[in-house]
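Me: I would like to learn how to read a ligand site and the sheets around it, one feature at a time. Could you take me through the general idea of each feature and then its case here?

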Amino acid sequence: LHEANAAKTRFLSTISHELKTPLTIISGFVDLMSDSVDQFDAEHAESLDIIRKNAARLGLLINDVLDISRIDAGKLRIEPTVFQLNELLGELEKGFEQILETKNHTLVVSMPDDVSWLEADRNRIAQLISNLINNAHKYSGPDCEIRLSTAIEDESLTVIIEDDGIGISEGDQKQLFTAFFRADNEATREAGGTGLGLVIAKSIVDLHDGAMWLNSIENQGTTVGFKLPCVTSEPIEVTPDDAELSLLSQRSRLFPDTEWDQIAETA
Ligand code: ADP
């Protein structure tokens, strides 16, 4: 069983890498053609836009499969940096505008009043929140509201995403964190997906030593939340002058008799 699982992981990893290479070439040429879109008639320009959007979608799917193979092999890593929560949420809000418009959905975001700094993997946190907003959007009927609320307590950030969509039956909720699992109903089939989003989301939360939960009632809606111990203080900016002086003080350890500060002033 162990060998079969290792073979599956290798297969997923190889196939997704192999798919990525031609897709990168297609996307590159589509971007190149998009640069001279004013030379095309409206119909061709629209076709090009469809190719571009679907190539981007395929890219995201391949990345999900790559992530799953990394998770399977225990090789998914995070690269934490310090960033502002509000800035990230603003970016996500903007990025989702067009997608939400297709179903006339409204995203109501409540952010902390103060600027909050997080020490976490920014891209992965964006991916985590995007997966959850995307699900709320995919599995809700038209004209709905999706609510994203945040809370900061001690050194932890809690994010909750709520929808009034189709919900998930109790039986299905038990299998949600199994890779490739998708609820067997018409709305889910229609929405499309791979059944990987929640598994990836949970792994990102785990890698940040956090916790994730999900409550859902069929035909009423779903609430997904996560809590991460990643709140930090504002990073200290190193001004160029400070940077120069600290470099000088390092030199002064090497050449203790040299008046580096005076040299810096006269320079
Ligand atoms: P995908 O959306 O690509 O199928 P996910 O792992 O994100 O994969 O979700 C797994 C399944 O859980 C979905 O197929 C869907 O049946 C169900 N699900 C996830 N989020 C929601 C939600 N907000 N409302 C209703 N069903 C959901």
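**Reading the ligand site and the sheets**

Reply: Let us begin with one contact at the ligand: a backbone N or O atom of Gly197 lies 3.2 Å from an oxygen atom of the ligand. Please keep in mind throughout that this is a predicted model.

Me: Which side chains place a polar atom by an oxygen atom of the ligand, and at what distance?

Reply: A polar contact is read as a pair of N or O atoms within 3.5 Å. For Tyr139, a polar side-chain atom lies 2.6 Å from an oxygen atom of the ligand, and for Thr188 the corresponding distance from a polar side-chain atom to a ligand oxygen is 3.4 Å. As for cover, the ligand on its own has 530 Å² of accessible area, of which the protein covers 97%.

Me: How many residues surround the ligand, and which are the closest?

Reply: The shell is read by listing the residues around the ligand, and here 20 residues surround it, with Asn135, Tyr139, Arg182, Thr194 and Leu198 as the closest. By residue class, the shell divides into 9 nonpolar, 8 polar and 3 charged residues.

Me: Which helices supply at least two residues of that shell?

Reply: Helix H4, residues 122-138, and helix H7, residues 197-207, each do so, and H4 gives the most, with 3 residues.

Me: Turning to the sheets, what is the order of the strands in the sheet of 5 strands?

Reply: A sheet is read from strand to neighbouring strand, and this open sheet has the order E2-E4-E5-E7-E6, with mixed pairing. Strand E2 (106-110) and strand E6 (211-217) stand at the edges and have a single partner strand each, so one side of each is left without a neighbour in the sheet. From one strand to the next, the twist averages 10°.

Me: In which sense do the neighbours pair, parallel or antiparallel?

Reply: Each pair is read by itself, by the direction of its strands and by its bridges. E2 and E4 run parallel and are joined by 5 bridges, with Glu145 in E4 as the bridge partner of Thr106. E4 and E5, by contrast, pair in the antiparallel sense over 8 bridges, and Thr158 in E5 is the bridge partner of Ala151. The hairpin of E4 and E5 has 2 residues between the strands, and in this hairpin Asp154 takes a positive phi near 50°. E6 and strand E7, residues 221-228, are likewise antiparallel, over 7 bridges, and Trp213 has Gly225 in E7 as its bridge partner.

Me: Which helices pack on or lie across these strands, and at what angles?

Reply: Such packing is read from the strands a helix touches and from the angle between the two directions. Helix H3 (residues 85-101) packs on the sheet and touches E2, strand E4 (145-153) and strand E5 (156-163), its direction making about 175° with that of E4. H7, which also supplies residues of the ligand shell, lies across E6 and E7 and runs at about 145° to E6.

Me: How is the sheet of 3 strands ordered?

Reply: The reading proceeds as before: this open sheet has the order E1-E3-E8, and its pairing is antiparallel. Its edge strands are strand E1 (81-84) and strand E8 (231-232), each of which pairs on one side only. Strand E3, residues 117-120, pairs with E8 over 2 bridges, and Trp117 stands opposite Thr232 in E8. H3 packs on this sheet too, touching E1 and E3, and its direction makes about 70° with that of E1.

Key. Residues are numbered from 1 along each chain as its sequence is written. This is a predicted model: local features need pLDDT of at least 70, side-chain atom pairs count only at pLDDT 80 or more; totals for chains, interfaces and linings use all residues. Side-chain values use heavy atoms; hydrogens and water are left out. A residue is near a molecule or strand if one of its heavy atoms lies within 4 Å of it. A polar contact is a pair of N or O atoms within 3.5 Å; within protein, one must be able to donate a hydrogen and the other to accept it, and residues adjacent in sequence count only if both atoms are side-chain atoms. Accessible areas come from the Shrake-Rupley method with a 1.4 Å probe; for residues, only the protein chains shown count as cover. Helices (H or I, at least four residues) and strands (E, at least two) are DSSP runs, numbered from the N terminus. Ala, Val, Leu, Ile, Met, Phe, Trp, Tyr, Cys and Pro count as nonpolar, Asp, Glu, Lys and Arg as charged, and the others, Gly among them, as polar. Two strands pair if DSSP finds at least two bridges between them. Axes are lines fitted to C-alpha atoms, for helices over the stretch in contact, and angles run from 0 to 180 degrees between N-to-C directions. Contact means heavy atoms within 4.5 Å.
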